[in-house]
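This report goes through one protein chain, from overall make-up to single residues. The sequence and structure come first, and the description follows.

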Amino acid sequence: MDVPALVEQAREGRPRAVARLISLVEGASPQLREVMAALAPLTGGAYVVGLTGAPGVGKSTSTSALVTAYRKAGRRVGVLAVDPSSPFSGGALLGDRVRMSEHASDPGVYIRSMATRGHLGGLAWAAPQAIRVLDAAGCEVILVETVGVGQSEVEIAAQADTCVVLLAPGMGDGIQAAKAGILEIGDVYVVNKADRDGADATARELNHMLGLGESRAPGDWRPPIVKTVAARGEGIDEVVEALDKHRAWTGEHGVLDARRRKRAAGEIENIALTALRQRIGDLHGDRRLDALSRRVAAGELDPYAAADELVAGLTEG
(Lines give C-alpha, C1' and ligand atoms only; values in the text may rest on other atoms or scores of the structure.)
Protein backbone atom coordinates (compact mmCIF):
# COMPACT_ATOMS: atom_id res chain seq x y z
CA MET A 1 0.00 0.00 0.00
CA ASP A 2 1.31 3.44 -1.01
CA VAL A 3 0.91 5.31 2.31
CA PRO A 4 2.05 8.77 1.06
CA ALA A 5 -0.46 8.60 -1.81
CA LEU A 6 -3.21 7.47 0.57
CA VAL A 7 -2.45 10.34 2.97
CA GLU A 8 -2.50 12.82 0.08
CA GLN A 9 -5.88 11.51 -1.07
CA ALA A 10 -7.22 11.81 2.48
CA ARG A 11 -5.90 15.36 2.64
CA GLU A 12 -7.92 16.08 -0.49
CA GLY A 13 -11.01 14.90 1.36
CA ARG A 14 -11.55 11.58 -0.42
CA PRO A 15 -13.68 9.53 1.99
CA ARG A 16 -12.41 6.16 0.75
CA ALA A 17 -8.82 7.13 1.58
CA VAL A 18 -9.87 8.35 5.05
CA ALA A 19 -11.75 5.08 5.61
CA ARG A 20 -8.71 2.99 4.61
CA LEU A 21 -6.42 4.94 6.95
CA ILE A 22 -8.77 4.49 9.91
CA SER A 23 -9.09 0.79 9.05
CA LEU A 24 -5.28 0.53 9.20
CA VAL A 25 -5.47 2.16 12.65
CA GLU A 26 -8.21 -0.15 13.92
CA GLY A 27 -6.44 -3.24 12.60
CA ALA A 28 -3.07 -2.21 14.10
CA SER A 29 -1.53 -2.62 10.65
CA PRO A 30 2.24 -3.13 10.31
CA GLN A 31 2.15 0.11 8.28
CA LEU A 32 0.63 2.06 11.19
CA ARG A 33 3.95 3.66 12.16
CA GLU A 34 4.45 4.86 8.59
CA VAL A 35 0.90 6.24 8.52
CA MET A 36 1.32 8.14 11.81
CA ALA A 37 4.69 9.56 10.68
CA ALA A 38 3.09 10.85 7.47
CA LEU A 39 0.11 12.34 9.33
CA ALA A 40 2.04 14.08 12.12
CA PRO A 41 2.94 17.30 10.20
CA LEU A 42 -0.68 17.65 9.02
CA THR A 43 -2.36 17.55 12.43
CA GLY A 44 -3.14 20.12 15.12
CA GLY A 45 -5.70 22.24 13.29
CA ALA A 46 -8.91 20.47 14.28
CA TYR A 47 -11.11 21.38 17.23
CA VAL A 48 -12.07 18.17 19.06
CA VAL A 49 -15.42 18.14 20.88
CA GLY A 50 -16.37 15.14 23.02
CA LEU A 51 -20.00 14.31 23.77
CA THR A 52 -20.76 12.02 26.66
CA GLY A 53 -23.65 11.03 28.88
CA ALA A 54 -25.83 8.12 29.85
CA PRO A 55 -27.69 6.10 27.19
CA GLY A 56 -30.95 7.72 26.15
CA VAL A 57 -30.00 11.37 26.66
CA GLY A 58 -29.84 11.98 22.90
CA LYS A 59 -26.12 12.02 22.14
CA SER A 60 -26.48 10.88 18.53
CA THR A 61 -29.33 13.31 17.85
CA SER A 62 -27.35 16.15 19.44
CA THR A 63 -24.26 15.21 17.42
CA SER A 64 -26.29 15.25 14.20
CA ALA A 65 -27.75 18.65 15.10
CA LEU A 66 -24.26 20.03 15.79
CA VAL A 67 -23.08 18.72 12.42
CA THR A 68 -25.93 20.65 10.76
CA ALA A 69 -24.98 23.84 12.63
CA TYR A 70 -21.29 23.60 11.78
CA ARG A 71 -22.01 22.80 8.14
CA LYS A 72 -24.20 25.91 7.90
CA ALA A 73 -21.14 27.84 9.08
CA GLY A 74 -19.13 26.25 6.25
CA ARG A 75 -16.91 24.04 8.41
CA ARG A 76 -15.77 20.55 7.48
CA VAL A 77 -16.84 18.10 10.15
CA GLY A 78 -15.62 14.67 11.19
CA VAL A 79 -17.67 12.43 13.46
CA LEU A 80 -16.30 9.51 15.43
CA ALA A 81 -19.19 7.55 16.94
CA VAL A 82 -18.17 4.80 19.35
CA ASP A 83 -20.53 1.88 19.92
CA PRO A 84 -20.29 -0.93 22.48
CA SER A 85 -19.03 -4.33 21.39
CA SER A 86 -20.98 -7.46 22.24
CA PRO A 87 -19.24 -9.46 25.00
CA PHE A 88 -20.46 -12.62 23.23
CA SER A 89 -19.85 -12.11 19.51
CA GLY A 90 -17.44 -9.17 19.65
CA GLY A 91 -19.57 -7.35 17.09
CA ALA A 92 -21.27 -3.96 17.35
CA LEU A 93 -24.49 -2.55 15.94
CA LEU A 94 -22.89 0.78 14.98
CA GLY A 95 -26.36 2.28 15.15
CA ASP A 96 -25.21 5.86 15.78
CA ARG A 97 -24.34 6.13 12.11
CA VAL A 98 -27.94 5.24 11.21
CA ARG A 99 -29.19 8.21 13.22
CA MET A 100 -26.87 10.54 11.29
CA SER A 101 -27.81 9.22 7.84
CA GLU A 102 -29.06 12.67 6.75
CA HIS A 103 -25.41 13.77 6.47
CA ALA A 104 -24.23 10.69 4.58
CA SER A 105 -24.27 12.39 1.16
CA ASP A 106 -22.56 15.59 2.34
CA PRO A 107 -18.92 15.64 1.09
CA GLY A 108 -18.08 18.06 3.91
CA VAL A 109 -18.95 15.49 6.58
CA TYR A 110 -17.11 12.27 7.37
CA ILE A 111 -18.83 9.87 9.79
CA ARG A 112 -17.06 6.84 11.18
CA SER A 113 -18.45 4.33 13.65
CA MET A 114 -16.03 2.38 15.81
CA ALA A 115 -16.55 -0.52 18.20
CA THR A 116 -14.99 -0.43 21.66
CA ARG A 117 -13.77 -4.04 21.30
CA GLY A 118 -13.89 -4.42 25.06
CA HIS A 119 -12.02 -1.20 25.86
CA LEU A 120 -13.50 0.52 28.93
CA GLY A 121 -13.94 4.26 29.48
CA GLY A 122 -16.40 4.99 26.67
CA LEU A 123 -13.93 5.10 23.78
CA ALA A 124 -12.33 2.65 21.39
CA TRP A 125 -8.62 1.92 21.82
CA ALA A 126 -7.90 3.31 18.35
CA ALA A 127 -9.84 6.56 18.91
CA PRO A 128 -6.79 8.86 19.42
CA GLN A 129 -5.20 7.71 16.15
CA ALA A 130 -8.54 7.93 14.32
CA ILE A 131 -8.86 11.53 15.53
CA ARG A 132 -5.43 12.21 14.02
CA VAL A 133 -6.57 10.80 10.68
CA LEU A 134 -9.66 13.05 10.62
CA ASP A 135 -7.55 16.04 11.66
CA ALA A 136 -5.04 15.42 8.87
CA ALA A 137 -7.92 14.93 6.40
CA GLY A 138 -8.89 18.58 6.89
CA CYS A 139 -11.79 18.27 9.32
CA GLU A 140 -12.03 21.59 11.13
CA VAL A 141 -14.31 20.21 13.85
CA ILE A 142 -14.22 16.60 15.09
CA LEU A 143 -17.17 15.41 17.17
CA VAL A 144 -16.42 12.32 19.26
CA GLU A 145 -19.55 10.63 20.59
CA THR A 146 -18.78 8.15 23.34
CA VAL A 147 -20.36 4.78 23.86
CA GLY A 148 -22.89 5.86 26.51
CA VAL A 149 -21.87 3.68 29.41
CA GLY A 150 -22.76 6.29 31.99
CA GLN A 151 -20.75 6.91 35.12
CA SER A 152 -17.47 5.26 34.06
CA GLU A 153 -17.33 7.12 30.78
CA VAL A 154 -14.81 9.83 31.63
CA GLU A 155 -11.97 8.95 29.25
CA ILE A 156 -13.25 11.44 26.69
CA ALA A 157 -12.05 14.28 28.96
CA ALA A 158 -8.47 13.33 28.08
CA GLN A 159 -9.13 13.25 24.32
CA ALA A 160 -11.23 16.36 23.71
CA ASP A 161 -10.45 20.07 23.59
CA THR A 162 -13.96 20.66 24.94
CA CYS A 163 -16.11 18.06 26.69
CA VAL A 164 -19.91 18.25 26.54
CA VAL A 165 -21.91 16.29 29.13
CA LEU A 166 -25.52 15.61 28.20
CA LEU A 167 -28.35 14.90 30.61
CA ALA A 168 -32.11 14.59 30.17
CA PRO A 169 -35.15 14.89 32.44
CA GLY A 170 -36.17 11.63 34.03
CA MET A 171 -32.71 10.06 33.73
CA GLY A 172 -32.03 10.12 37.49
CA ASP A 173 -31.62 12.71 40.20
CA GLY A 174 -28.72 15.08 40.72
CA ILE A 175 -26.94 12.77 43.15
CA GLN A 176 -26.97 10.01 40.53
CA ALA A 177 -25.60 12.43 37.93
CA ALA A 178 -22.82 13.54 40.24
CA LYS A 179 -21.45 10.02 40.80
CA ALA A 180 -18.05 8.84 39.61
CA GLY A 181 -16.81 12.17 38.34
CA ILE A 182 -19.20 12.60 35.42
CA LEU A 183 -19.78 16.19 36.56
CA GLU A 184 -16.08 16.87 36.93
CA ILE A 185 -15.22 16.44 33.26
CA GLY A 186 -17.72 18.77 31.58
CA ASP A 187 -16.85 22.13 30.02
CA VAL A 188 -20.39 22.58 28.72
CA TYR A 189 -23.50 20.90 30.12
CA VAL A 190 -26.58 20.25 28.00
CA VAL A 191 -30.01 19.33 29.31
CA ASN A 192 -31.54 17.75 26.22
CA LYS A 193 -35.21 16.91 25.66
CA ALA A 194 -36.04 20.18 27.41
CA ASP A 195 -39.63 19.99 26.18
CA ARG A 196 -40.26 17.26 28.75
CA ASP A 197 -41.54 17.80 32.26
CA GLY A 198 -38.74 18.24 34.76
CA ALA A 199 -36.24 19.93 32.43
CA ASP A 200 -36.08 23.12 34.51
CA ALA A 201 -35.69 21.07 37.69
CA THR A 202 -32.88 19.05 36.11
CA ALA A 203 -31.09 22.26 35.10
CA ARG A 204 -31.48 23.68 38.62
CA GLU A 205 -30.18 20.47 40.22
CA LEU A 206 -27.26 20.43 37.83
CA ASN A 207 -26.44 24.05 38.60
CA HIS A 208 -26.57 23.27 42.32
CA MET A 209 -24.27 20.27 41.91
CA LEU A 210 -21.77 22.32 39.94
CA GLY A 211 -21.88 24.95 42.69
CA LEU A 212 -20.91 22.31 45.24
CA GLY A 213 -17.73 21.56 43.33
CA GLU A 214 -14.31 23.07 43.88
CA SER A 215 -14.18 26.85 44.14
CA ARG A 216 -13.19 28.82 41.09
CA ALA A 217 -10.95 31.86 41.03
CA PRO A 218 -11.98 35.01 39.13
CA GLY A 219 -11.45 34.39 35.43
CA ASP A 220 -11.79 30.60 35.69
CA TRP A 221 -14.16 28.88 33.29
CA ARG A 222 -17.66 28.41 34.65
CA PRO A 223 -19.37 25.60 32.69
CA PRO A 224 -22.63 26.88 31.20
CA ILE A 225 -25.86 24.87 31.21
CA VAL A 226 -27.77 24.91 27.93
CA LYS A 227 -31.26 23.48 27.42
CA THR A 228 -31.96 21.90 24.03
CA VAL A 229 -34.47 19.89 22.05
CA ALA A 230 -31.96 18.37 19.66
CA ALA A 231 -34.58 16.49 17.64
CA ARG A 232 -35.98 19.87 16.55
CA GLY A 233 -32.67 21.74 16.50
CA GLU A 234 -33.74 23.99 19.38
CA GLY A 235 -30.91 25.38 21.51
CA ILE A 236 -28.17 24.01 19.26
CA ASP A 237 -26.96 27.50 18.25
CA GLU A 238 -26.54 28.26 21.96
CA VAL A 239 -24.47 25.08 22.36
CA VAL A 240 -22.22 26.11 19.46
CA GLU A 241 -21.86 29.57 21.01
CA ALA A 242 -20.86 28.00 24.35
CA LEU A 243 -18.33 25.76 22.57
CA ASP A 244 -16.83 28.74 20.74
CA LYS A 245 -16.54 30.69 24.00
CA HIS A 246 -14.80 27.77 25.70
CA ARG A 247 -12.39 27.35 22.80
CA ALA A 248 -11.52 31.06 22.97
CA TRP A 249 -11.04 30.89 26.75
CA THR A 250 -8.78 27.83 26.58
CA GLY A 251 -6.69 29.54 23.92
CA GLU A 252 -6.31 32.75 25.91
CA HIS A 253 -5.37 30.99 29.16
CA GLY A 254 -3.03 28.35 27.73
CA VAL A 255 -5.42 25.54 28.67
CA LEU A 256 -5.78 24.29 25.09
CA ASP A 257 -2.04 23.73 24.63
CA ALA A 258 -1.82 22.08 28.06
CA ARG A 259 -4.68 19.69 27.24
CA ARG A 260 -3.14 18.76 23.90
CA ARG A 261 0.26 18.09 25.48
CA LYS A 262 -1.41 15.92 28.13
CA ARG A 263 -3.31 14.10 25.37
CA ALA A 264 -0.07 13.45 23.48
CA ALA A 265 1.63 12.22 26.67
CA GLY A 266 -1.21 9.78 27.30
CA GLU A 267 -1.06 8.54 23.73
CA ILE A 268 2.70 7.93 23.97
CA GLU A 269 2.26 6.13 27.29
CA ASN A 270 -0.49 3.87 25.93
CA ILE A 271 1.57 2.92 22.88
CA ALA A 272 4.61 2.17 25.05
CA LEU A 273 2.55 0.11 27.53
CA THR A 274 0.95 -1.83 24.69
CA ALA A 275 4.38 -2.65 23.28
CA LEU A 276 5.58 -3.79 26.71
CA ARG A 277 2.47 -5.95 27.23
CA GLN A 278 3.11 -7.61 23.89
CA ARG A 279 6.69 -8.34 24.84
CA ILE A 280 5.63 -9.69 28.23
CA GLY A 281 2.97 -11.80 26.52
CA ASP A 282 5.69 -13.30 24.35
CA LEU A 283 7.54 -14.40 27.49
CA HIS A 284 5.18 -17.26 28.39
CA GLY A 285 7.42 -20.30 28.34
CA ASP A 286 10.51 -18.06 28.16
CA ARG A 287 13.49 -19.26 30.22
CA ARG A 288 13.86 -15.91 32.04
CA LEU A 289 10.27 -15.91 33.29
CA ASP A 290 10.45 -19.60 34.15
CA ALA A 291 13.65 -19.12 36.16
CA LEU A 292 12.26 -16.12 38.03
CA SER A 293 9.01 -17.92 38.85
CA ARG A 294 10.95 -20.87 40.26
CA ARG A 295 12.95 -18.53 42.55
CA VAL A 296 9.81 -16.74 43.76
CA ALA A 297 8.00 -20.03 44.41
CA ALA A 298 11.02 -21.28 46.36
CA GLY A 299 11.12 -18.13 48.50
CA GLU A 300 14.53 -17.11 47.15
CA LEU A 301 13.19 -13.90 45.60
CA ASP A 302 10.19 -11.67 46.23
CA PRO A 303 7.80 -11.00 43.30
CA TYR A 304 8.58 -7.26 43.18
CA ALA A 305 12.30 -7.87 42.79
CA ALA A 306 11.53 -10.52 40.17
CA ALA A 307 9.33 -8.08 38.27
CA ASP A 308 12.09 -5.42 38.41
CA GLU A 309 14.55 -7.94 37.00
CA LEU A 310 12.11 -8.94 34.25
CA VAL A 311 11.41 -5.31 33.26
CA ALA A 312 15.14 -4.54 33.24
CA GLY A 313 15.69 -7.49 30.93
CA LEU A 314 12.89 -6.36 28.61
CA THR A 315 14.10 -2.77 28.32
CA GLU A 316 17.71 -3.82 27.80
CA GLY A 317 16.77 -6.48 25.29
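## Overall make-up

Among the contacts in the chain with a separation of 6 or more, 73% are between residues 24 or more positions apart. The model is predicted. Its secondary structure comes to 12 helices and seven strands, and buried residues account for 44% of the 317 residues in the chain.

## Strand β4 and its partners

Strand β4 covers residues 141-145 and is mostly covered, with five of its five residues buried. V141, L143 and E145 point one way from the strand, while I142 and V144 point the other way. Burial applies to both sets, and E145 is among the buried residues.

Two strands pair with β4. Strand β1 (residues 47-53) does so in the parallel sense, over five bridges. Strand β2 (residues 77-83) also pairs with β4 in the parallel sense over five bridges. V144 serves as a reference point for both pairings: G50 stands opposite V144, and V144 is also the bridge partner of L80.

## Nonpolar cores

Nonpolar side chains tend to be buried together in soluble globular proteins. The largest nonpolar core here has 43 residues, and the members that touch the most others are V18, L21, V133 and I142. I142 belongs to β4, where I142 and V144 point the same way. Not counting residues up to four places away in sequence, I142 touches A46, Y47, V48, V49, G78, I131, L134 and D135. Apart from the largest core lies another, of 27 residues, with A65, Y70, V77 and V79 among them.

## Helices α1 and α2

Helix α2 (residues 15-26) has 12 residues and spans 16 Å from its first C-alpha to its last, close to the 16 Å expected at 1.5 Å a residue. Its buried residues are A17, V18, L21, I22, L24, V25 and E26. An α-helix has 3.6 residues a turn, so residues three or four places apart point the same way. V18 and L21, both on the buried list of α2, are also among the members of the largest core that touch the most others. Just after α2, A28 takes a positive phi of about 50 degrees.

L6 is found in helix α1 (residues 3-11). At 4% relative accessibility, against a cut-off of 20%, L6 counts as buried. Leaving aside neighbours within four places in sequence, L6 is in contact with M1, A17, R20, L21 and L24. Of these, A17, L21 and L24 are buried residues of α2. The C-alpha atoms of L6 and R16 are separated by 9.3 Å, and the two residues are 10 apart along the chain.

## The tryptophan pair

The structure holds one aromatic pair. W221 and W249 form it, with 6.1 Å centre to centre and 45 degrees between the planes, and the arrangement is tilted. W221 lies in the loop between α8 (199-211) and β7 (225-227), whereas W249 lies in helix α9 (residues 236-252), so the pair ties together parts that are 28 residues apart in sequence. W221 and W249 are both buried.

## Helix α10

Helix α10 runs over residues 255-281, 27 residues in total, and reaches 38 Å from its first C-alpha to its last, close to the 39 Å expected at 1.5 Å a residue. Its buried residues are L256, R263 and E267. What covers them includes β1, α6 (127-136) and α9. Of these covering elements, β1 also pairs with β4, and α9 holds W249 of the aromatic pair.

## Cysteines and a loop residue

A disulfide is a covalent bond between the sulfur atoms of two cysteines. With sulfur atoms required to lie within 2.5 Å, the count comes to zero disulfides. C139 counts as buried at 5% relative accessibility, and C163 counts as buried at 1%.

K193 lies in the loop between β6 (188-191) and α8. Its phi is near 60 degrees, a positive value in a residue other than glycine. At 22% relative accessibility, K193 counts as partly exposed, because buried requires under 20% and exposed requires over 50%.

Methods:
Residues numbered from 1 in each chain as written. Predicted model: local features only at pLDDT ≥ 70, side-chain atom pairs only at ≥ 80, totals over all residues. Heavy atoms only, no water. Phe/Tyr/Trp six-rings, centres within 6.5 Å; stacked < 30°, edge-to-face > 60°. Helix = DSSP H or I, 4+ residues; strand = E, 2+ residues; numbered from the N terminus. Buried < 20%, exposed > 50% of the residue type's maximum accessible area, 1.4 Å probe, protein only. Pairing = 2+ DSSP bridges. Expected span 1.5 Å × (residues − 1). Core = buried A, V, L, I, M, F, W, Y, C linked by side-chain atoms within 4.5 Å. Contact = heavy atoms within 4.5 Å.
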